[in-house]
Structure formats: C-alpha cells, structure tokens
Amino acid sequence: MAQAKSIFSKIIDNDIPTEKIYEDDLAIVIKDIQPQAPTHILIIPKEPIARLVDATEDHAALLGHLLLLAGKVTKMLGIDDAFRLVINNGEAAGQTVFHLHLHILANKSFAETGLGKEFS
Ligand code: AMP
C-alpha cells in the first residue's frame with residue numbers, strides 16, 4: 001500500500017496553503033506554523049525522505065543542496081550572522097512530521113540554550 005502523504009508533501013503539492021519563502025526544483029522553504037523563535041523556518045526537500053537516517057548515498061547531493069539553501073535563505077532574510085539549524089531525527093528526539101526537514105531558528109538569544117541543555 002502506498003505511504004500516506006505527509007503534511008509537507010501536501011504543502012509541496014499545493015493541497016494545503018502555506019507561506020512559501022523560497023522554492024526551487026528540489027526543495028521548499030516555509031514559515032513554521034508554531035514558531036519556537038521570532039524567525040522559525042523549515043527547509044523541506046520535495047523528495048519525501050522520512051528521517052535523516054533514511055537518506056542514502058544517492059541523497060548526498062540533495063543533502064548538500066539543503067545545507068547550501070540554509071546559507072542562501074538566511075542571507076536572503078538577513079539572519080546569516082546568527083541562526084541555529086536543527087534536524088529532529090526520530091520520535092524520541094521530537095520529530096513529529098516524518099518527512100525530513102531542517103529547522104532554522106533565529107532572532108532570539110541562544111546564550112541560555114547551549115548545546116546539551118535542551119536534551120538534559
Ligand atoms: P519536527 O517536530 O521536527 O518534526 O517539526 C515539525 C514542524 O512542522 C513543527 O515545528 C511544526 O510546527 C511544523 N508544522 C506542522 N504543520 C505545519 C504546517 N502546516 N505549516 C508549517 N509548519 C508546520
């Protein structure tokens with residue numbers, strides 16, 4: 001049986017409206033609907049890879065593209081001096097949408113959230 005479409009696939013296919021910040025052949029960038037920072041955007045590959053660990057060597061160029069897009073979009077938005085890039089992999093790590101995506105969080109103070117504190 002075919003896998004049900006993820007919410008992000010529905011957004012990519014324009015089944016669900018969203019505020020798109022950027023789109024190219026391989027990915028879209030949208031605003032997170034429940035922002036955890038004043039700027040919270042998601043970089044989503046059009047190919048529905050469930051989790052980062054499900055990516056294979058065949059996805060190497062795509063994964064590189066997503067990282068380069070993080071640089072490009074943060075420059076576009078003027079937040080390239082300070083942002084945090086997060087990928088939640090697996091339910092226990094907080095992943096709720098099983099379609100790979102990168103969170104970009106910016107315009108907040110990260111001083112009190114050093115790496116590790118969020119996971120303790
Ligand atoms: P994660 O918990 O890492 O899987 O992240 C999923 C993210 O998708 C959460 O931050 C949600 O707020 C966000 N999200 C869920 N549905 C939508 C939607 N329709 N439009 C934008 N962001 C969404």
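**View 1. Leucine 66 touches Ala27, Ile43, Pro45, Leu100 and Leu102, leaving out residues up to four places away in sequence.** Contact here means heavy atoms within 4.5 Å. The model is predicted: local features need pLDDT of at least 70, side-chain atom pairs count only at pLDDT 80 or more, and totals for chains, interfaces and linings use all residues. Residues are numbered from 1 along each chain as its sequence is written, and side-chain values use heavy atoms, with hydrogens and water left out.

**View 2. The largest nonpolar core has 16 residues.** A nonpolar core is a set of buried Ala, Val, Leu, Ile, Met, Phe, Trp, Tyr and Cys residues joined through side-chain atoms within 4.5 Å. Buried means under 20% relative accessible area, exposed over 50%, and partly exposed in between, with a 1.4 Å probe and protein chains only. Val29, Ile43, Leu66, Leu69, Val73 and Ile104 have the most contacts inside this core. At least two of its residues come from each of S2, strand S3 (39-45), helix H2 (60-77) and strand S5 (102-106). Helices (H or I, at least four residues) and strands (E, at least two) are DSSP runs, numbered from the N terminus. H2 gives the most to this core, with five residues. Another core, of eight residues, lies apart from it and includes Phe8, Ile11, Ile12 and Ile28.

**View 3. The shell around the ligand holds 16 residues, of which Asp32, Asn88, Gly94, Thr96 and His103 come nearest.** A residue is near a molecule or strand if one of its heavy atoms lies within 4 Å of it. Helix H1 (7-12) and strand S2 (27-31) each supply at least two residues of the shell. The most comes from H1, with three residues. By type, the shell divides into seven nonpolar, seven polar and two charged residues. In this division Ala, Val, Leu, Ile, Met, Phe, Trp, Tyr, Cys and Pro count as nonpolar, Asp, Glu, Lys and Arg as charged, and the others, Gly among them, as polar.

**View 4. Side chains of asparagine 88, histidine 101 and histidine 103 approach oxygen atoms of the ligand.** For asparagine 88, an N or O atom of the side chain is 2.9 Å from an oxygen atom of the ligand. A polar side-chain atom of histidine 101 also lies 2.9 Å from a ligand oxygen atom. For histidine 103, the distance between a side-chain N or O atom and an oxygen atom of the ligand is 2.8 Å. The ligand on its own has 510 Å² of accessible area, and the protein covers 86% of this. Accessible areas come from the Shrake-Rupley method with a 1.4 Å probe; for residues, only the protein chains shown count as cover.

**View 5. Asparagine 88 and glycine 90 lie in the loop between strand S4 (83-86) and S5.** Neighbours up to four places away in sequence aside, asparagine 88 touches Ala93, Gly94, Gln95 and His103. With the same exclusion, glycine 90 is in contact with Arg51, Gln95 and Phe98. Glycine 90 counts as buried because its relative accessibility is 12%. The C-alpha atoms of asparagine 88 and aspartate 24 are 23 Å apart, with the two positions 64 residues apart in sequence numbering. Glycine 90 and proline 38 are 52 residues apart in sequence and 25 Å apart in space, C-alpha to C-alpha.**View 6. Threonine 39 lies in strand S3, and threonine 74 lies in helix H2.** Threonine 39 is buried because its relative accessible area is 16%. Leaving aside neighbours within four places in sequence, threonine 39 is in contact with Ile79, Ile104, Leu105, Ala106 and Asn107. Threonine 74, at a relative accessible area of 0%, is buried. Its contacts, with neighbours within four places again left aside, are Ile79, Asp80, Phe83 and Ile104. Alanine 60, in helix H2, is partly exposed, with a relative accessible area of 45%. The C-alpha atoms of alanine 60 and isoleucine 104, 44 residues apart along the chain, are separated by 20 Å.

**View 7. Asparagine 14 has a positive phi, near 60°, and asparagine 107 has a positive phi, near 65°.** Most residues other than glycine have a negative phi. Asparagine 14 is found in the loop between H1 and strand S1 (20-23). This residue, asparagine 14, counts as exposed because its relative accessibility is 57%. Asparagine 107 is in the segment after S5.

Conventions:
A polar contact is a pair of N or O atoms within 3.5 Å; within protein, one must be able to donate a hydrogen and the other to accept it, and residues adjacent in sequence count only if both atoms are side-chain atoms.
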